[in-house]
Amino acid sequence: MTTPSADAYVRLDTHPTHTSAVTATITGSQREPAHAALTAHGFEALDDDTLLMARIDHEEPHWAEKAAKALTADGFIIEIAPRLREAIEEEWSWADYPMHWCTRAEIREVSNEAQKIYDDIRHGRLIIHAHADDSGTTVAVGTYRDTGKSVYLHGENHLRQIADTFGSPAQALTAFERLHSDTMRPGPAPMTDSERAATQARTSLGTPATEPQPPAPEPEIVPAYTADAGDHDALLDQFLTTHGDWEKWRTWSDDTTHVIHESQTLRIERVHETDPREAAWTVAAYETPVSERMWHLTATGTTPAPVLQALLHHLSEGDAWDTAIGSPVDEKTVTAATKPLTDAGWKHTVDGRWIRWTTPSGDVGIQFDAFAAQTPNSTLATWTIWAGPNIDHPTWTITASPYTPSVLLTDLAENLAHGTGPRTYTPVEVKRPAHLTTAPHGAAPQSDNSPLEPIPLTEFAHAQPSVTSQLAGHRASNTDGQRIGLREHDYGETGGGATASPQNDRRQELTGGRR
């Protein structure tokens, strides 16, 4: 019996993260005797003042109470925390316990023997030579270092038992191999969940996180058109940082940023907060800083970052004058713009005035509107790039007017066919009313007998002369028919001078001061 000492105070409590484990904290001047007494009753030291009991049978409260009674009899002052007292008084039993005839005391006796085997293995006193699976039950064979006795173990955790003994390791291994040669593996079996939990409890007394956060998903590399949209504002800031020939200009609203090339013939409008189906980016090109708009392109706020990067890269690397001038639409330019898709084996279909190139799965595509190509002053999009369930319910879209340079469209098509990017989430379909993206609201309907009704374009490898003549008849206009503004509604009527309006004040700002 340890010499009684009122100068050692022991507080027993439950582990902060492993509820069945029990901690013991020692205070007072006579700590060594209390430390030794706790160790004798199954506690292990974490540091000079803290010990822990972590078992694989979850019976720590029962054995902690027995330790408390023994230390109290030895004269130590013991406090049992309320949480531990509740655990001690709790009545519970194992579900589907195989030895159903055992009493609660007998079950504890069985599990305590299993705990001793586990401790002998953990501390290296029992060396496991091999393990195997016996119809869903783990079995193993090992030898005790001190006695040389070899044992055959059956079960795991609180049900592990010594089922047989052998005079030597050779005898044990021979018998084990004869029984379990098909599933026999060298060394001990992998740790069970109970063993892993006990090991973690002995590592530290870290406090549990108040709100455990799920691990951040690892990004996967996917086709560019299904990649994350990312941070569009960060993309624009990076673009400005790396390209000094583009500048941010003062605007009338903090909701919109204008970026203008030093030639003032290429301009970008970025709307920071917009509906996913609406244009968040508008690129516009002009022959001169004060001429009518030659062409424009828009992109929605859900456009993937790799696609936007391809667009910005073309604007920064191409010749500003050639990019601004653009080119009229004919068989040659359409063929050139879609060549990457044709080379990649995309499906080519004709549906009236619409010609589409889509992947075999139909989840991304480019559409050319022959009618819009012949009427450059209309609000219809000549080119529509989209990805999503279908063109009527896209996840994102890019639209372009007739004179959009074919080399720019080719770069975007190349990115669709071969580009990749990261995705860390599963794309969610954007809910919206069903409508044709090729016929925006506000576009005047055309009658069936309209003199401008186009002849549908067929395979461009076999272009029809009549298509070329239909397209050529409208090239004389040569512009989008708009003034300096980036958007079609910004400035006055088509082809006319700018009218007095708040939008004209905005034009003054675009051509006036800089930040």
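These legends accompany several close-up views of a predicted model of a single protein chain.

**View 1. The whole chain, with its confidence in mind.** Let us start with an overview before zooming in. The chain holds 515 residues, of which 45% are buried. Its secondary structure comes to 14 helices and 22 strands. Among contacts between residues at least 6 apart in sequence, 59% join residues at least 24 apart. The mean pLDDT is 79, and 76% of the residues reach 70 or more. Please read the segment 426-515 with care: its pLDDT is below 50, although the model gives this stretch 181 contacts beyond near neighbours in sequence. At the other end, residues 1-5 also have pLDDT under 50, and for them the model has twelve contacts beyond four places in sequence.

**View 2. An open sheet of five strands.** Follow the strands across and you will meet them in the order β3-β4-β2-β1-β5, with mixed pairing. At the edges are β3 and β5 (77-80), each of which pairs on one side only. Strand β1 (residues 8-14) runs parallel to β5, joined to it by four bridges, and L12 of the model stands opposite I80 in β5. Helix α1 (residues 31-40) packs on this sheet, where it touches β1, β2 (22-28), β3 and β4. The direction of α1 makes about 160° with that of β2.

**View 3. Strand β4 and its two partners.** Here we look at β4 with a neighbour on either hand. β2 pairs with β4 in the antiparallel sense over four bridges, with V22 opposite M53 in β4. The pairing of β3 with β4 is also antiparallel, through two bridges, and E44 stands opposite L52 in β4. Four residues lie between β3 and β4 in the hairpin that they form. Side chains in a regular strand alternate between the two faces of the sheet. In β4 both faces are covered: T50 and L52 are buried on one side, L51 and M53 on the other.

**View 4. Helix α6 and its buried face.** Which residues of helix α6 (residues 193-203) are buried? They are S194, E195, A198, A201 and R202. Looking down the axis of α6, these buried residues fall within an arc of 125°, so they line one face of the helix. Turned away from that buried side, the opposite face carries the exposed residues D193 and T203. The cover over the buried residues of α6 includes β3 (44-45), β4 (50-53) and α4 (104-122), which ties this view back to the strands of the previous one.

**View 5. Two nonpolar cores.** The largest nonpolar core has 48 residues. Within this core, I268, W295, L297 and F368 have the most contacts. Helix α8 (residues 305-317) gives the most to this core, contributing seven residues. Apart from it lies another core, of 19 residues, among them L12, I26, A67 and F76. You have already met L12 in the sheet, where L12 stands opposite I80.

**View 6. Two loop residues with positive phi.** Most residues other than glycine have a negative phi. S135 has a phi near 55°, a positive value, and so does N157, whose phi is also near 55°. S135 sits in the loop between β6 (126-134) and β7 (137-144), whereas N157 is placed in the loop between β8 (150-154) and β9 (161-166). Is each of these residues buried or exposed? S135 has a relative accessible area of 75%, over the 50% cut-off, so S135 counts as exposed. N157, at 13%, falls under the 20% cut-off and therefore counts as buried.

**View 7. P422 and its distant contacts.** P422 belongs to strand β22 (residues 420-423). Its relative accessibility is 43%, which lies between the cut-offs of 20% and 50%, so P422 counts as partly exposed. Which residues does P422 touch, leaving aside those up to four places away in sequence? They are P219, E220, I221, A227 and D228. The C-alpha atoms of P422 and A305 are separated by 9.1 Å, though the two residues are 117 residues apart along the chain. A305 is also where helix α8 (residues 305-317) begins.

Notes:
Residues are numbered from 1 along each chain as its sequence is written. This is a predicted model: local features need pLDDT of at least 70, side-chain atom pairs count only at pLDDT 80 or more; totals for chains, interfaces and linings use all residues. Side-chain values use heavy atoms; hydrogens and water are left out. Buried means under 20% relative accessible area, exposed over 50%, partly exposed in between (1.4 Å probe, protein chains only). A nonpolar core is a set of buried Ala, Val, Leu, Ile, Met, Phe, Trp, Tyr and Cys residues joined through side-chain atoms within 4.5 Å. The arc is that of the directions from the helix axis to the C-beta atoms. Contact means heavy atoms within 4.5 Å. pLDDT is the predictor's confidence in each residue, from 0 to 100. Two strands pair if DSSP finds at least two bridges between them. Axes are lines fitted to C-alpha atoms, for helices over the stretch in contact, and angles run from 0 to 180 degrees between N-to-C directions.
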